[in-house]
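Please open the model in a viewer and keep the sequence panel in view. The tour proceeds from the overall fold to individual side chains.

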Amino acid sequence: MFLRPSYCTIVLALLLVAQVYATKKIVVVGSVNADTFLPVERLPVEGENLVCLSEPTVDVPGGKGCTQAVAAAKLLLKNPHEENSVVAFVGQFGSDAVAS
């Protein structure tokens, strides 16, 4: 999969900003999606279908790239010697209801 020119431009701009201000620069290019959790009474057994309980369903950010960027940022926050570090994330959102 190739990056569109607009994404390459964004990555280069982020790298230039990071180069000026940061001692450590991390750019993650990856996937981002919404993980939806649905409440059920119990785990299903093989071949069984369960009906979801009533609300609430929970939508949280997910995706490998998103998770990696968050993990890198948390590691840098824990290290006091990395106070001028930058983590940037480049991903593409969809056009469905969750993305808007």
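Begin with a cartoon representation of this predicted model. The secondary structure consists of two helices and four strands. Tracing the chain along the sequence, one meets these elements in the pattern α-β-β-β-α-β.

Next, display the contacts between residues at least 6 apart in sequence; of these, 62% join residues at least 24 apart.

Now switch to a surface representation. The protein exposes about 8,100 Å², and carbon and sulfur atoms supply 62% of that area. Of the 100 residues in the protein, 17% are buried.

Select Arg 42 and Glu 48 together and show their side chains. Side chains of opposite charge can pair when their charged atoms come close. Here, Arg 42 and Glu 48 form a salt bridge, with 2.6 Å between the closest N and O atoms. The structure holds one salt bridge. How accessible are its two partners, Arg 42 and Glu 48? Arg 42 has a relative accessibility of 41% and therefore counts as partly exposed. Glu 48, at 26% relative accessibility, is likewise partly exposed.

Then move to the cysteines, selecting Cys 52 and Cys 66 in turn. Is Cys 66 buried or exposed? Its relative accessible area is 15%, so Cys 66 is buried, the cut-off being under 20%. Cys 52, by contrast, is partly exposed, because its relative accessibility is 38%.

To conclude, look for disulfides across the model: a search of the whole structure finds zero.

Notes:
Residues numbered from 1 in each chain as written. Predicted model: local features only at pLDDT ≥ 70, side-chain atom pairs only at ≥ 80, totals over all residues. Heavy atoms only, no water. Disulfide = S-S within 2.5 Å. Buried < 20%, exposed > 50% of the residue type's maximum accessible area, 1.4 Å probe, protein only. Contact = heavy atoms within 4.5 Å. Areas by Shrake-Rupley, 256 points an atom, 1.4 Å probe, with all protein chains shown as cover. Salt bridge = Lys/Arg side-chain N within 4 Å of Asp/Glu carboxyl O.
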